Amino acid sequence: MSNKEVKAALKSARDAIRNKEYKEALKHCKAVLKQEKNNYNAWVFIGLAAAELEQPDQARGAYKKAIELEPNQLLAWQGLANLYEKPNQIDVKGDLADVYQKLLELYESGDKQKWCDVCNKLVELYHQEKKYLEVAETWQKLIQMKQEEGAEKAELHQLWKKMIQLLKDSTRNQDNKTGQLLLTAFEHALNSADTVPGEDHQNLYKDFIQCLSKFPHEEARLEKACHDMMALYPTMSYPLEVLCLHFVHSGTLSEKALHCFSRLLEMDASSGPGLVGFGIKCLKEKKYKEAVKNLSEGLQKTNQCPAAWHYLAEAQMKIHEHRNAVLSCNQALEALGTPEGPNLRWKSLVLQLKAETLIKIADADAAEEAIKALEQIVDASSDPVVSALRGQAYLNKGLMDQASKISQELLLSHPDLAEAHALEGFIHYSQKNYEQAEKSFLNAIEKKAGTAEYHQYLGLTYWFMSDETKKDKGKALSQFLKAAKLDSYLGSAFCYLGNYYRDIAGDKSRARGCYKKAFELDETDEESGTAAVNLSVELGDMDTALSILNEVTGKARPGTAKWAWLHRGLYYLRTGQPSQAVADLQAALRADPKDSNCWESLGEAYLNRGSYSTALKSFRKASELNPGLVYSIYRAAALEQILGKYESAIATYQQILKKTENYVPALKG
């Protein structure tokens, strides 16, 4: 076949392809290749025809042969790109990206529009594969090309915005280079915006700041962006809110942070981040109740801030709201999700605080939960304070051997650690080894004098050690006073002070004050509440007694606060108010239906009200629960007599006289 015939055959192949006669085209190409096996166009036409005949392997082979022959010719590369772009081609995305890269190289010095089209396709391909760094670098080349061609500012602005859009999901699996390119795109988009200030520019700034807040190492850039936005949009609270949350999360309370909190609250008194910031300030100033109030209000609006939940838990623990503190710790852990980077530190802090709080609750279930929390702390085994907490949790769970083992190990490895000596003290105290407990707590106080709990336990050690140490003002009393001074929310310290003033010093007035304070701090402390009421009655101060009882019963849920209902019911019974007495004694029985004395008192109240049948039932119930209550049996007989049930009354009187021969009321009956 002559050169002329080769050209004619190639023309025939081209015409056949144009007319969609692909098999015919293949015949012409094969004839050419018999003559010229390295004919570039023949291989390209074979690739084209084979692709249309759904023979992808043959097409790919043909194009690759053509590329081998002429690596810098466009046709074969374009054909290969078209082949890989077909929907039935699978697992070719990596190959397609290489083809696009080569096409960019070939178009670069010529057809700029085609270069841009291929560039867009390549970026789309990388984006589908979540190759964000390649997306960023390729798109930046596109923008650079447009800049060199003298593109308008508005077009460049849209291109930077498109780059932001393409990279917006990249912050989840951030590599530093992609992150920097994204932030650069934001800065260029902001600088090329047309209307400043304006709504689009404002929203772009918000997105930029939100993006910066996800980069822990971009603090300076975040602060600058927030201040720049505030200067442009002085009435917008958003940049201040982000800045406040940034300071909260950083865990530092600088002057800059305090100024930020107060400025935000001036702008919006109900701002969530502002209230959170102010709550942390109150916590640092030891205004714990105010801290709890502000943090709780702030978290209603900003509930995905783990650091804020941690601070709330800390404040709740300071005022001994232990169960609420555990709930706040759980909220913090939920907000943290699966943490990484700086959030890992917060997770460890939250878990440790949760364990401390659960140990304070001091029951076996809470101890089990505390152990689980401590197990989740990263590098917990190397932290002696965490080990001491684990020892306390074991002790609360009744696992004395494990607790003792930890205590001994800590005393050997960390002899200057207060928590190690305190743990030893708790173990001795639980075993009633008061002399050894005294030594341990004194050692703990020597290492850490400002811990109220150590003084309280030393006081309790003296209280139970002997009558001498109990009565010695310099022993038990002195330690309880120190504990109460160091922690003015420690209700149990005031309760023990009440015990001292009532039982040792005989000072009812001072004892009543201590019990009242203890009960105000912890409304679940029935011992202090009852003692405050009883002492008020003894001191002739019924107003104080009633105010305590009214407050408790006013807040009580059905079936709770038996002691308060019972005390007030008996007061109404004594003061001739039987209907009120009935209501209160019934409420007391809802809390404890098996209290025979309460049933007896209820019978008395019904009797005084003139409700004889119900009084009879109440006295019978009391004597059923406690057959030794002779008075209830006598009252039942007397009521049977009043109600005309004489035979039954006689039988009941005889029953009493069998047990108590000379019981005069029964003889009279």
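A residue counts as buried when its relative accessible area is under 20%.

**Figure 1. His455 is a buried residue of helix α25 in this predicted model****.** Helix α25 covers residues 452-465, and H455 lies in this helix. The relative accessibility of H455 is 5%. That value is under the 20% cut-off, so H455 counts as buried. What does H455 touch, leaving out residues up to four places away in sequence? The contacts are I445, A449, Q479, K482, A483 and L486.

**Figure 2. S618 is a buried serine in helix α35****.** Helix α35 runs over residues 612-625 and includes S618. Is S618 buried or exposed? With a relative accessibility of 3%, S618 counts as buried. Its contacts are W599, L602, G603 and Y606, once residues up to four places away in sequence are set aside.

**Figure 3. E54 sits in a loop with a positive phi****.** The loop joins α3 (40-52) and α4 (56-69). Most residues other than glycine have a negative phi. E54 is not a glycine, yet its phi is positive, at about 60 degrees. Its relative accessibility is 53%. Exposed means over 50%, so E54 counts as exposed.

**Figure 4. K432 is another loop residue with a positive phi****.** K432 is found between α23 (418-430) and α24 (434-447). Its phi is about 65 degrees, although K432 is not a glycine. Is K432 buried or exposed? K432 counts as exposed, with 63% relative accessibility.

**Figure 5. The spans annotated as TPR repeats****.** An unreviewed UniProt entry gives the annotation "repeat: TPR" to residues 40-73, 562-595 and 596-629. Residues 40-73 are 79% helix and 0% strand. The end C-alpha atoms of that span lie 9 Å apart. Residues 562-595 are also 79% helix and 0% strand. Here the end C-alpha atoms are 10 Å apart.

**Figure 6. The span annotated as a coiled-coil region****.** The UniProt record, an unreviewed entry, places the feature "coiled-coil region" at residues 3-39. In the model, this span is 81% helix and 0% strand. How far apart are the end C-alpha atoms of residues 3-39? They lie 11 Å apart.

**Figure 7. The whole chain, for context****.** The chain has 38 helices and zero strands. Its radius of gyration is 42 Å, well over the 26 Å that the globule rule gives for 669 residues, so the chain is more spread out than a compact globule. Along the principal axes, the C-alpha atoms fill a box of roughly 150 × 65 × 55 Å. Buried residues make up 47% of the 669 residues. Consider contacts between residues at least 6 apart in sequence: 49% of them join residues at least 24 apart.

**Figure 8. Surface and charge of the chain****.** The accessible surface comes to about 34100 Å². Carbon and sulfur atoms account for 48% of that surface. The chain carries 85 positive and 90 negative charges. How far apart are the mean positions of the positive and negative charges? These mean positions are 3 Å apart.

How values were computed
Residues are numbered from 1 along each chain as its sequence is written. This is a predicted model: local features need pLDDT of at least 70, side-chain atom pairs count only at pLDDT 80 or more; totals for chains, interfaces and linings use all residues. Side-chain values use heavy atoms; hydrogens and water are left out. UniProt positions are given in the numbering used here, feature names are shortened, and annotations may be inferred rather than shown by experiment. Helices (H or I, at least four residues) and strands (E, at least two) are DSSP runs, numbered from the N terminus. The radius of gyration is taken over C-alpha atoms; the globule rule is 2.2 Å times the number of residues to the power 0.38. Buried means under 20% relative accessible area, exposed over 50%, partly exposed in between (1.4 Å probe, protein chains only). Contact means heavy atoms within 4.5 Å. Accessible areas come from the Shrake-Rupley method with a 1.4 Å probe; for residues, only the protein chains shown count as cover. Lys and Arg count as positive and Asp and Glu as negative; His and the chain ends are not counted. The place of a charge is taken as NZ of Lys, CZ of Arg, CG of Asp or CD of Glu.
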